[in-house]
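Ready for a few exercises at the bench-side desk? Keep the structure open beside you and try each task before reading its solution.

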Amino acid sequence: MMITVTVNGERHSHDVEPRLLLVHFLRDVVGLTGTHWGCDTSNCGACVVWLDDTPVKSCTALAVMADGRTVRTVEGLERDGELDPVQRGFMECHGLQCGFCTPGMMMTSRWLLDRNPDPSEEEIREALSGQLCRCTGYENIVRSVRWAAENPADDSTEASQEVSPS
Amino acid sequence: MIPFDYQRAQTPAAAAAAVAAHPRAAFLGGGTNLVDRMKLGVATPELLVDITHLDLDRIEELPDGTVRIGANVRNSDLAAHPLIRHRYPALSQALLSGASGQLRNTATTGGNLLQRTRCVYFQDTTTPCNKREPGSGCSALEGYTRYHALLGASEHCVATHPSDMAVAMSALDAVVTVQSPHGRRRIPLAELHRLPGDHPEHDTVLDHGDLITAVELPPSAMAARSRYRKVRDRASYAFALVSAAVALDLDGDHISDLRIALGGLAHKPWRALRAEEELRGGPATQEHFRAAAQAELAAARPLKGNAFKTDLARTTLASTLSDLAAPGPRHEEQR
């Protein structure tokens, strides 16, 4: 079946099997391997991407379900060569060790900060609760998100207006 | 995942007809449960009929005050809607306590009702399970039963229904509207799901090809004073061990009317009619709440791994009633 998906602002049209998962479409067809394929059972959240501006688990969506819609992956976080504050936060606060969960963690964190620019630790933990990390014990991930909240990009106000909360 | 055909339905009637015409067809909504079951080999449809393009994604108030929720409304949108938060707080609380944000952003109202049990044996195709493969036996009876049923189970199945949303809807007297290939009908939500009996393979009273198009919440002053409490193994992203949805109408310190539904205890959201009867018209006292909870759980038939849930359910119900009955601003809180 022919589908067209706009990924990080670029349109991609491909003929795919109905059984192809969105995560495999992104990695194997579009070639964006930043999105990780983890548990394959909707549990771990390594595969989280934005579908029409909300984070979803891309191992639980069929690629055909994304036809005509927009996807944002971790490769779409940076703007004009500048890392997103969330990406910088994970670097500054050592929010990762092996890095497997990191793309999904960062996609949900960006969404949280767009809706809630100053989240409490509890709000961060609740937002990230559908995602598993086996290295950090989550402490440094929470600190990384707080760092991003305290160091927003210059255009963050504008950016958060573009992405209307659902 | 095995290959399958995929179609997009143009109308609810066409969707119902397409599924009814193919014995191995299934509706595709958000897919958060179905796609997982397909990956596990638990569901093996030959045709998916995608209903997500149908015009079923609105929340609207009808002239008589009923709130109609389209079957495709996302769980996160439903939880956040002002009509739901103010008039039916227990429903908003139940939704927000289920799954995690990433799944709530995808999961739909109709799909949430029709999600299937997470019994580990049901989801493991290498073990016998009467629900997955009728007549093969129940592995849970002598197995891991922490999340299994205390009430209304049978020798063939002790699985529980996993939805939080459905428990709240059951206590709010919700009605489900259904499009079948032959017409439309309405089913009280409390009668949608069934007990396992001799046929645990059937979760609901729906026939193959029946499509849920909406859930309607009748106007109810009592519903504004409602609450959902969920007890679980983690603070977020875990299924209920026990949950209680309660709506309460007080006249002074007497209970004029109430609704109670319990989750995590049965094959369906468990309307606690016995406790309701015990309490209706009586005093709103701790003693009375405990006695009613005791009466409701008298029929509990615990398994090896879930006996603790009898006490947990009694305590959870009594304390939820008590919280709702106590005056004071903290009970007006909303998430």
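**Exercise 1. Find how many residues chain B and chain A each bring to their contact, and what area they bury.**

Solution. Start with the residues: in this predicted model, 27 from chain B and 28 from chain A take part in the contact. Next comes the area. The size of an interface is often given as the accessible area lost when the parts come together. Here chain B and chain A bury about 2200 Å² between them, with 55% of that area on carbon and sulfur atoms. Finally, look at who contributes on the chain B side: B:Lys39, B:Gln102 and B:Tyr237 supply 27% of the area that chain B buries against chain A, more than any other three residues.

**Exercise 2. Count the salt bridges between chain B and chain A, then look at what B:Arg8 and B:Lys39 each pair with.**

Solution. Take a side-chain nitrogen of Lys or Arg within 4 Å of a carboxyl oxygen of Asp or Glu as the cut-off. Over all chains this gives 34 salt bridges, and between chain B and chain A the count is three. B:Arg8 pairs with A:Asp67, their closest N and O atoms being 3.2 Å apart. B:Lys39 forms a salt bridge with B:Asp36, and there the closest N and O atoms are 3.1 Å apart. B:Lys39 and B:Asp36 are three residues apart in helix 2 (residues 34-40) of chain B, so about one helical turn separates them.

**Exercise 3. Describe how helix 3 of chain A packs against helix 2 of chain A and against helix 5 of chain A.**

Solution. Two packed helices are described by the angle between their axes and the distance between the axes.

- Step one, helix 2 (residues 85-92) with helix 3 (residues 102-115), both of chain A: the axes come within 9 Å and cross at roughly 125 degrees. The two helices are therefore oblique to each other, and the crossing is right-handed.
- Step two, the residues that meet: A:Pro85, A:Val86, A:Gln87 and A:Phe90 of helix 2 touch residues of helix 3 including A:Met105, A:Ser109 and A:Leu113. By class, this contact has six nonpolar, three polar and one charged residues.
- Step three, helix 3 with helix 5 (residues 139-150) of chain A: the axes come within 11 Å and cross at roughly 40 degrees, which makes this pair oblique. The crossing is right-handed.
- Step four, the residues again: A:Met105, A:Ser109 and A:Leu113 of helix 3 meet A:Ile141, A:Val145, A:Ala148 and A:Ala149 of helix 5. This contact has six nonpolar, one polar and no charged residues.

Conventions. Residues are numbered from 1 along each chain as its sequence is written. Chains are lettered from A and ligands numbered from 1 in the order in which they are written. This is a predicted model: local features need pLDDT of at least 70, side-chain atom pairs count only at pLDDT 80 or more; totals for chains, interfaces and linings use all residues. Side-chain values use heavy atoms; hydrogens and water are left out. Axes are lines fitted to C-alpha atoms, for helices over the stretch in contact, and angles run from 0 to 180 degrees between N-to-C directions. Helices (H or I, at least four residues) and strands (E, at least two) are DSSP runs, numbered from the N terminus. Angles under 35 degrees count as roughly parallel, over 145 as roughly antiparallel, 65 to 115 as roughly perpendicular and the rest as oblique. A crossing is left-handed if the near helix is turned anticlockwise from the far one by less than a right angle, and right-handed if clockwise. Contact means heavy atoms within 4.5 Å. Ala, Val, Leu, Ile, Met, Phe, Trp, Tyr, Cys and Pro count as nonpolar, Asp, Glu, Lys and Arg as charged, and the others, Gly among them, as polar. Buried area is the accessible area (1.4 Å probe) that two parts lose on being put together, summed over both.
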